[in-house]
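Good morning, and thank you for making time on the agenda. I should like to take the group through one structure, with attention to contacts and charged side chains.

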Amino acid sequence: MGENSATVRPRPQLTGMTGEFYAHIAAGELRIQRCSECGAWRHIPRPVCAECASDDWTWEPSSGRGQIVTLTITERPLHPAFTDTPYAIVVVQLAEGPRLLTTILDADPHEIRVGTAVRFEPLRVDDELSLPAFVADPDQPQQAVS
Amino acid sequence: MTAAAIIGVGETPYVRKPGSGRTELELSVAATVAAARDAGIDVGAIDGIIAPFMGASAEELAATLGLTKMSFAATVQMGGASPVAALGVAAMAIAAGQATNVLITYGINGYSGRRARAVIDIADMFAFGDTLRDYYLPFGAAAPPQWYALLARLHKERYGDSVAALGAVALACRRHAQLNPRAVMHGRELTSEDYLASPMITDPYRLLDCCLETDGGAAVLVGAADGPADGGRRVRIAAVTQGRPFPADDIVNRPDPLTIGLTHAAPRAWDAAGVGPDDMDFAQIYDCFTFEVLQQLEEAGFCERGGADGFVADGNIELGGKLPINTAGGLLSEAHVIGLNHVVEAVRQLRQEAGARQVANARWGAVTGWGDFGDGSIAVLERGENHG
């Protein structure tokens with residue numbers, strides 16, 4: 001299979017702010033953009049704050065803690081690089097507010113529940129890339145989903 | 001200001017195996033020729049094109065159709081919400097005197113050519129922006145049912161949607177397709193047992209919650225509402241609006257994830273048209289997946305948020321019910337021409353030409369569009385004045 005084969009898992013383009021975001025993940029850290037002007041957290045990375053239009057921001061360490069707010073379990077392959085079904089696509093809302101589309105490690109997909117408390121765990125792909133994944137965090141109280 | 005109307009519609013056959021055997025440009029051209037004939041104008045009188053966001057370009061269409069008087073062209077980039085939104089752009093071009101006969105067409109080999117099921121092609125990917133590429137695809141969130149399933153699950157957590165409600169949408173579309181010989185699923189009836197037995201794709205979506213992938217072309221011509229007397233064949237465009245959720249390129253980080261483009265667009269459309277959801281004799285709701293129909297019924301105001309589960313029960317959305325939807329079978333059971341076939345069907349209903357599936361004395365109809373990560377559009381259409 002050549003490099004352009006559809007069976008190669010798609011990768012983020014590791015340039016600009018996205019490159020910085022993933023560099024932190026590869027270093028084992030979940031950092032989220034935070035506006036230096038109004039303090040609003042934001043993800044997906046963007047150059048300007050949607051709340052106050054300030055372009056002054058920093059990468060702030062996230063607590064890495066959050067909860068599952070929605071999910072789907074894919075049972076049939078929908079992409080040639082993702083044939084290992086079933087697999088979970090999950091949205092985690094961090095304690096700081098921003099949400100990430102992600103997955104849950106070390107879990108039977110069918111046992112994953114909305115409302116479950118989770119914590120950040122990098123998923124190593126290769127030397128250059130790790131993905132921001134999560135694991136169940138039994139030490140954290142479960143919360144009602146808003 | 002010149003009021004605008006849909007003056008003609010055309011389609012090719014809608015097929016799956018073995019495919020259309022024609023290019024997407026050829027499908028659009030065939031549908032356009034049919035629409036011009038339906039409108040009673042020469043193809044050469046077309047002077048404006050709202051070109052598809054995927055498929056033939058305005059330049060290719062004009063060159064192939066022999067259009068020497070082109071004065072306006074544009075493209076709407078709202079995925080499946082584009083064809084309905086294009087009605088609004090065409091109406092604006094008419095009102096502003098930029099063109100007199102504006103073509104909207106989609107020719108799509110969704111079965112034999114490009115497939116809608118996953119974003120693999122890098123050219124398709126960039127239509128959605130970098131968020132999809134950089135933050136969703138690496139987790140295998142590659143196909144529309146996966147993205148929208150996240151909304152469906154959220155809605156279910158809040159409102160307790162039943163599987164029966166999703167099934168009611170699939171069954172209504174399939175029943176209507178039995179009255180439409182053009183529908184790909186004509187002659188293939190569906191029971192609720194069949195529906196429940198269809199394999200899970202990505203929960204809550206079973207196979208039969210997902211729209212068809214088909215080959216075919218459709219075309220709609222927009223012109224002046226006050227054209228020559230023609231027995232009410234001009235369907236008045238009372239209002240068309242478009243809207244986007246915020247942020248549009250990220251389906252995950254929205255203050256209220258259930259607020260979609262249609263949430264913003266629909267109230268403006270009802271205000272502009274001077275009618276409301278209760279005045280509609282039918283609605284053609286963009287049915288990429290069954291939950292999106294429930295959600296759009298709510299966000300368009302046909303029922304309150306959380307109320308679709310009850311609204312679609314008891315045959316309310318079937319012919320003879322309170323609000324018949326997708327009367328030709330929809331994307332679920334007629335064909336997937338990016339929803340332009342919904343516009344064609346609305347025109348047929350308002351011209352009282354829908355035969356066995358005609359909504360009696362239909363005067364008002366709504367058509368919605370849904371695209372990308374929840375962009376929305378809605379058209380409110382009224383039958384021509386010379387009718388009934």
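I shall speak about the interface, then about salt bridges, and finally about one buried arginine.

Please keep in mind throughout that this is a predicted model.

Let me begin with the interface. Chain B and chain A each bring 38 residues to the contact. Between them the two chains bury about 3,300 Å², and 61% of that area lies on carbon and sulfur atoms. Which three residues supply more of the area that chain B buries against chain A than any other three? They are Y135(B), F139(B) and L150(B), which together account for 24% of it.

As to polar interactions, 21 residue pairs are in polar contact between chain B and chain A, counting pairs with both residues at pLDDT 80 or more. On the side of chain B that touches chain A, the elements giving two or more residues are helix 5 (130-136), helix 6 (144-159) and strand 5 (200-202) of chain B. Helix 6 of chain B provides the largest share of that side, with eight residues. Sorted by class, the side of chain B that touches chain A holds 23 nonpolar, five polar and ten charged residues.

I turn now to the salt bridges. The count over all chains is 26. One of these pairs crosses between chains: D249(B) is in the loop between strand 8 (235-243) and helix 9 (261-273) of chain B, and R46(A) is in the loop between strand 2 (41-42) and strand 3 (57-61) of chain A. How many salt bridges does the rule find across the interface of chain B and chain A? It finds one. The side chains of D249(B) and R46(A) meet at 2.7 Å, N to O. Are the two partners buried or partly exposed? D249(B) counts as partly exposed because its relative accessibility is 25%, and R46(A), with a relative accessible area of 25%, is partly exposed as well.

Within chain A, the side chains of R119(A) and D137(A) form a salt bridge at 3.9 Å, N to O. R119(A) belongs to strand 7 (residues 117-124) of chain A and D137(A) to the segment after strand 8 (130-136) of chain A, so this pair ties together parts 18 residues apart in sequence. For accessibility, R119(A) is partly exposed at 33%, whereas D137(A) is buried, with a relative accessible area of 2%. Through salt bridges that share partners, R65(A), R119(A), E121(A) and D137(A) are joined into one network.

In chain B, D134(B) and R133(B) form a salt bridge whose closest N and O atoms are 2.8 Å apart. Both D134(B) and R133(B) are buried.

My last item is R174(B), placed in helix 7 (residues 163-177) of chain B. This residue is buried yet has no salt bridge. Which side chain of opposite charge is nearest to R174(B), and how far away is it? It is that of D194(B), at 6.8 Å, and the salt-bridge rule requires the nitrogen and the carboxyl oxygen to lie within 4 Å. What, then, does the side chain of R174(B) reach at 2.9 Å? It reaches the backbone oxygen of R188(B). Setting aside neighbours within four places in sequence, R174(B) is in contact with M185(B), R188(B), E189(B), L190(B), L208(B) and S333(B).

That concludes the presentation, and I welcome discussion.

Conventions. Residues numbered from 1 in each chain as written. Chains lettered and ligands numbered in written order. Predicted model: local features only at pLDDT ≥ 70, side-chain atom pairs only at ≥ 80, totals over all residues. Heavy atoms only, no water. Contact = heavy atoms within 4.5 Å. Buried area = accessible area lost by both parts, 1.4 Å probe. Polar contact = N/O pair within 3.5 Å; in protein donor to acceptor, adjacent residues only side chain to side chain. Helix = DSSP H or I, 4+ residues; strand = E, 2+ residues; numbered from the N terminus. Nonpolar A, V, L, I, M, F, W, Y, C, P; charged D, E, K, R; others polar. Buried < 20%, exposed > 50% of the residue type's maximum accessible area, 1.4 Å probe, protein only. Lys, Arg positive; Asp, Glu negative; His and termini not counted.
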